[in-house]
Amino acid sequence: MRTAYSVETVRAAEAVLMARLPEGALMQRAAAGLAVACGDLLRRNGRVYGSRVLLLVGSGDNGGDTLYAGARLAKRGAGVRALLTSPDKVHAGGFAALLAAGGQVLDSADGLGAVDLVVDGITGIGGRGGLRPEAAALVAAVTAHGHGAPVLAVDLPSGVEADSGEVHGAAVRADATVTFGTYKPGLLIDPAAERAGALRLVDIGLGPDLPEPPDLEALQFADVAALLPVPGAESDKYRRGVVGVVAGSERYPGAAVLAVAGALRGGAGAVRYVGPGADAVIARFPETLVHSGPPSRAGRVQAWVVGPGLGDGSRATAAVADVLAADVPVLIDADGLRLLDGEAVRSRSAATVLTPHAGEAAALLGVAREEVDAGRLAAVRELAARYRVTVLLKGSTTLVAEARDTPVRVNPTGTSWLATAGSGDVLSGLTGSLLAAGLAPRDAASVGAYLHGLAARRVSAGAPVAAQDVADAIPAAWRDVRDA
């Protein structure tokens, strides 16, 4: 499992570790790891000896890491030059080491010439508010003259917010990022994450001094495999879980089909469908149990999914209210999010999962969509706390948060090809089936998002996909996780 910690926690752990180490040892560990990563990048297109490396160096420890790494590269025969954003605040020890190793300092980016690697060491994890104008101008000038040279960020791309993933102003766009000790939330959450490129974690010995729980976590194959509900020899369809799906309308019958597809492919022992799309559902999935409604009279279920393609009107509103009155876990998506009664949600004793995209989250919070897009971590936490639920915030990085104080989970398997009509309906059905199987809401949402993204990647391979294709690939994604 990947874990991420806030700047405050990282600083505290660093202070404890530095008290046990000789002066400067922690920075040398970071610089050594950074130099190795630089060397790996350089060797992809040639070799370290004779390569041309440009350091963008800010003040403080981040600049020191960069300078010491540059000195190591210079000793291996690389031509290392540095541009200083704050010459009067440069790390003295790192600066002396670079010069002693044969590195050079440039006054400006004019006449820069060819470069094989740009190392971004302008600001560290303590940076706030985007790049300062002079630093932004320097990055723009280097980018213009860099001739496509890869950019490697030190700890995180300069200009992004380490704790939130927000970007307020100009920021570096890196091809790769080397981070030290632990991941930072901004490396895993958009919009900052998409500026970080490939991530590489350098172990500097911080682990024993980092507390539990982390601020953020991202499940990996082994974590998901441990959570997958696998039927035993004595299982029947009720023990496997029966999920009820209230979805679709005369205008949107396909939403019913896709939500049911997600539920069936997600391992539900049975699916009960309630709504006007019964004919379309039965034509595609004859094993589905259908009922005209209301949901409370449809029969036994272990969880409900309500909302996809439900439309407006009194019938839809009544269906949402009826489901919310049930004493089993409920997942609310799409139109159900518009029709829910907030107080009814907060007063439920059984678990509730909301699965909004940014626009729906903005409506629930009473803010502009742009605010949610810019501050996804804050938005998902606020939604979970305000409605006392588990929230799966869909988007370029899907986040899962609970009302209680547990780490927010970020899904690592998302792909932009999931931005297609009906994809969310499949995810709702899939996650609902996991709720019905007995997974805790946070686990069901996390595993659902993981399998959903993995299925899309499996069938996409960089090409467009349809929602039904994603649903059909869920069993294969399940096997991929189980067999890894």
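Which residues point one way from strand 7, and which the other way? Ala176, Val178 and Phe180 point to one side of the strand, Thr177 and Thr179 point to the other, and all are buried. Here, buried means under 20% relative accessible area, exposed over 50%, and partly exposed in between, with a 1.4 Å probe and protein chains only. Strands (E, at least two residues) and helices (H or I, at least four residues) are DSSP runs, numbered from the N terminus.

A few conventions help with what follows. This is a predicted model, in which local features need pLDDT of at least 70 and side-chain atom pairs count only at pLDDT 80 or more, while totals for chains, interfaces and linings use all residues. Residues are numbered from 1 along each chain as its sequence is written, and side-chain values use heavy atoms, with hydrogens and water left out.

Strand 7 belongs to an open sheet of 7 strands in the order 4-3-2-5-6-7-8, with parallel pairing; two strands pair if DSSP finds at least two bridges between them. The edges are taken by strand 4 (104-106) and strand 8 (198-202), each with a single partner strand, so one side of each has no neighbour in the sheet. On average, neighbouring strands are turned by 25° against each other, direction ignored. Strand 6 (residues 151-154) pairs with strand 7 (residues 176-180) in the parallel sense over 3 bridges, and Val154 has Val178 as its bridge partner. Helix 3 (residues 60-75) packs on this sheet, touching strand 2 (52-57), strand 3 (79-84), strand 5 (117-121), strand 6 and strand 7, and its direction makes about 165° with that of strand 2. Axes are lines fitted to C-alpha atoms, for helices over the stretch in contact, and angles run from 0 to 180 degrees between N-to-C directions. Strand 7 and strand 8 also pair in the parallel sense, over 5 bridges, with Phe180 opposite Val202. Because 5 of the 5 residues of strand 7 are buried, this strand is largely enclosed by the rest of the structure.

Phe180 appears again in the largest nonpolar core, which has 52 residues; Leu34, Val53, Leu55, Val80, Leu152 and Phe180 touch the most other members. Such a core is a set of buried Ala, Val, Leu, Ile, Met, Phe, Trp, Tyr and Cys residues joined through side-chain atoms within 4.5 Å. Helix 2 (residues 25-44) supplies the largest share of this core, 10 residues. Leaving aside neighbours within four places in sequence, Leu55 is in contact (heavy atoms within 4.5 Å) with Thr66, Leu67, Gly70, Val80, Arg81, Ala82, Leu83, Leu98 and Val119.

At the edge of the sheet, Val105 lies in strand 4 and counts as partly exposed, at 32% relative accessibility. Apart from residues within four places in sequence, Val105 is in contact with Ala82, Leu84, Phe95 and Leu99. Val105 and Ala280 are 175 residues apart in sequence and 70 Å apart in space, C-alpha to C-alpha.

A further open sheet has 11 strands in the order 1-9-18-17-16-15-14-13-10-11-12, and its pairing is mixed. Its edge strands, strand 1 (2-4) and strand 12 (289-291), each pair on one side only, and the twist averages 20° from one strand to the next. Strand 16 (residues 390-393) and strand 17 (residues 399-401) pair in the antiparallel sense over 3 bridges, and Leu393 stands opposite Leu399. Helix 8 (residues 253-265) packs on the sheet, touching strand 10 (242-246) and strand 11 (270-274), with its direction at about 160° to that of strand 11. Helix 15 (residues 376-387) packs on the sheet as well, touching strand 9 (216-218), strand 15, strand 16, strand 17 and strand 18 (408-410), and its direction makes about 35° with that of strand 17. Among the buried residues of helix 15 are Leu377, Val380, Leu383 and Tyr387. Just after helix 15, Arg388 takes a positive phi of about 60°.

Finally, Thr355 sits in the loop between strand 15 (352-354) and helix 13 (358-365) and counts as buried, at 2% relative accessibility. The side chain of Thr355 makes a polar contact of 2.9 Å with the side chain of Asp333. A polar contact is a pair of N or O atoms within 3.5 Å; within protein, one must be able to donate a hydrogen and the other to accept it, and residues adjacent in sequence count only if both atoms are side-chain atoms.
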